[in-house]
Amino acid sequence: MKQTGRLTIKKRVMALIAVTAISTLSFANCAGAAEKLEKDSLKLGFIKLTDMAPLAVALEKGYFEDEGLSVQLEAQANWKVLLDRVVSGELDGAHMLAGQPIGSTIGFGTKADIITAFSMDLNGNAITVSNDIWKQMKPQIPVKDGKLVHPIKADALKPVVEKFKSEGKPFNMGMVFPVSTHNYELRYWLAAGGIKPGFYAPPQDTSGQIDAEALLSVTPPPQMPATMDSGTIVGYCVGEPWNQQAVFKGIGVPVVSDYEIWKNNPEKVFGVSKEWADKNPNTHKAVVKALIRAAMWLDAENNKNRPEAVEMLSQKQYVGADYEVLANSMTGTFEYEKGDKRDLPDFNVFFRHNATYPYYSDAIWYLSQMRRWGQVNEYKPDDWYLETAKKVYRPDIYMAAAKALVAEGKAKAGDFPADNETGIKPPSADFIDGISFDATKPNDYLSKFAIGLKGKQKVAGGKVVE
C-alpha cells in the first residue's frame, strides 16, 4: 500500500544503497529536509484503536519518509506499558491518551515530564452497555417518530443502578486508564444523570471508587467486549472499533458517543518526553509535519480517503479488526442498537475544526476533571491550571511545523489557527448537561456540578470533607 512510485530517481538510488548497507538507514539528506535531523530512525508506539490512524497514514503514504525519517510503528500491550516505554526511551514517542502527558506532569501515576505538540483527533469514543442492561434502560428512553431520542442520557440508567444497589450487587463498568478521556467522559455522563462514579484520594486510594454507585475499573481496549460478555463488567467506555464490535457480536449496545457528551472533544495526542523533545527539536518538528499531512489526508474532501484508511487500519499490524467493523464509524455513520445506524460525520475528526492544534483550554478541561474526581485532591487557584497546561501542550512547536508545510506548498496558511491564537477556546456549553466550560475560570466551572469536588473540598477518610 506504500506509494513508492512517487519517489524521485535520486531517492530510488539512495534507497537501494541504504538497503544494501543496512535496512534501517534513513534517507534524511535525500529527502530534502531543510534542517539536519538529530535522529532519523524512530520507533513510535500505539494502541490498536482507529485513532492511531495518523501514524499509519504518515507511514503508508510516505509522509515520514518525505521528512527524512525511517519510522517503525509498534503496537503496545496497554497504556501503562506505552507510557513507561516513552519515559525509558525505548520508544521515541507514541499515540497517547490526552490525559497521559498531563497526569504524568502533575505526578498522578507515573511521574514524568511528557509534552505534546500534536492533537491526533477529536471524538471517537462511545459508551456501550450489555444487552441485559440495555433491556432495562430502554423503557426510560423517550421515543419520537418511532425512534429512540438521542442523545441517550444516564437518567435512563439510574433506575438500573438503583436496582443493582437494592439487590446488593455491584454495578461494574470498564474504562481504559485512570487519566483517559474515557474515564472522564464516562464519569461526566454518569454524574449528569445523577449517578456517582466515585472519587480518588491519592496516594492512599487510587481506585477511584470512593463513595461510588457505579464502580469503574481499567480494562484494555481490545478486551472490552469479551470482558463484558463474560459478565465481569456490564458496560464500558472505549474508542473504536470496540463499541461497534459489540454490535457485530450481538453482545451489547452503544448508547451514547462522546461527540454527544462533549462535542468535538480532544481524544488522543502524540506524546514525547520533554528530554527527548529538547534533544531532538528538528526531528520532533519533522514528525509533527508528517502527522499534520496525514491528518489532512484523512479529512480531505469530506472524508473521501476514509475507505482507504479503513483498509490500512484493518491490517493486523495496525488495528486488525474487520473492514466492516472499522467502516461503521470511520466513514461517517455510527450504529447504536443493531439496525439503528445514524449519520455521525464527525464521530472521527482528524483535521477539521483545528483538530490537530494543541489547545491549552483542552488541557485545562482535563485538569478540571482530575480535580473534580480527586486525582488532584487539593484546591488549586485558576492560574495553576493554565501554568500546568503550558508545561505540557506546545502549540509553538506545532505552529513551527505548520508554517514549514505552508512554506513548502504542502498546506495553506488558512488551514491553521492565526498567529494571534491564544490557545484558549471561547466558553462553550456543548456538553450533554448544557453546563458551560470557560477555561479561564476552572474553579467557577467546577462549582456548577452537583456531583464532584469544588472549592476547598478534598477526599479524606473515605469521604468528601470541606
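In this predicted model, P225 touches Y236, W242, Q245 and I251, once its neighbours within four places in sequence are left aside. P225 sits in helix α9, which spans residues 224-229. The residue is buried, because its relative accessible area is 4% and the cut-off for burial is under 20%. I195 lies 30 residues from P225 along the chain, and 23 Å separates the C-alpha atoms of the two.

A second proline, P307, belongs to helix α14. P307 is partly exposed, with a relative accessible area of 34%. That value falls in between the limits of 20% for buried and 50% for exposed. With neighbours within four places in sequence set aside, P307 is in contact with Y323 and T331. The C-alpha atoms of P307 and G332 are 11 Å apart, and 25 residues separate the two along the chain.

G332 also marks what comes after helix α15. This glycine follows α15 and has a positive phi, near 100 degrees. Helix α15 itself covers residues 323-330 and is mostly covered, with six of its eight residues buried. These are V325, L326, A327, N328, S329 and M330. The buried residues of α15 pack against two helices, α10 (242-249) and α14 (306-314). They also pack against the strands β16 (333-335), β17 (341-343) and β18.

Helix α2, residues 53-60, is likewise mostly covered: eight of its eight residues are buried. The buried residues are A53, P54, L55, A56, V57, A58, L59 and E60. Just after α2 comes G62, with a positive phi of about 85 degrees.

Helix packing was examined next. Two packed helices are described by the angle between their axes and the distance between the axes. Helix α5 (residues 99-106) and helix α16 (residues 360-372) pack at an angle of about 60 degrees. Their axes are 10 Å apart. The two helices are therefore oblique to each other. The crossing of α5 past α16 is right-handed. On the α5 side, the residues that meet α16 are G99, I102, G103 and I106. On the α16 side, they are A363, Y366, L367 and M370. The residues of this contact comprise six nonpolar, two polar and no charged. An α-helix has 3.6 residues a turn, so residues three or four places apart point the same way.

Two of these contact residues, I106 and L367, also touch T388, when neighbours of T388 within four places in sequence are left aside. T388 has its place in helix α17 (residues 382-392). T388 is buried, with a relative accessible area of 4%.

Aromatic rings were then searched across the whole structure, and 21 aromatic pairs were found. One of them joins F108 and Y200. Their ring centres are 5.7 Å apart and their planes stand at 90 degrees, an edge-to-face pair. F108 lies in the loop between α5 and β4 (114-119), and Y200 lies in strand β10 (residues 199-201). The pair therefore ties together parts that are 92 residues apart in sequence. F108 and Y200 are both buried.

The pair of F351 and F416 is edge-to-face too, because its planes are at 90 degrees and the cut-off for this class is over 60. The ring centres of F351 and F416 are 6.0 Å apart. F351 lies in the loop between β18 (348-349) and α16. F416 lies in the loop between α18 (395-407) and α19 (442-446). The pair links distant parts of the chain, 65 residues apart. Both rings belong to buried residues: F351 has a relative accessible area of 13%, and F416 has one of 8%.

Ring pairs also build a cluster. Its members are Y184, Y188, W262, W365, Y366, F431, F437, Y445 and F449. Y366 belongs to this cluster and is also one of the α16 residues that meet α5.

Note on methods
Residues are numbered from 1 along each chain as its sequence is written. This is a predicted model: local features need pLDDT of at least 70, side-chain atom pairs count only at pLDDT 80 or more; totals for chains, interfaces and linings use all residues. Side-chain values use heavy atoms; hydrogens and water are left out. Axes are lines fitted to C-alpha atoms, for helices over the stretch in contact, and angles run from 0 to 180 degrees between N-to-C directions. Helices (H or I, at least four residues) and strands (E, at least two) are DSSP runs, numbered from the N terminus. Angles under 35 degrees count as roughly parallel, over 145 as roughly antiparallel, 65 to 115 as roughly perpendicular and the rest as oblique. A crossing is left-handed if the near helix is turned anticlockwise from the far one by less than a right angle, and right-handed if clockwise. Contact means heavy atoms within 4.5 Å. Ala, Val, Leu, Ile, Met, Phe, Trp, Tyr, Cys and Pro count as nonpolar, Asp, Glu, Lys and Arg as charged, and the others, Gly among them, as polar. Rings of Phe, Tyr and Trp (its six-membered ring) pair if their centres lie within 6.5 Å; planes under 30 degrees apart count as stacked, over 60 as edge-to-face and the rest as tilted. Buried means under 20% relative accessible area, exposed over 50%, partly exposed in between (1.4 Å probe, protein chains only).
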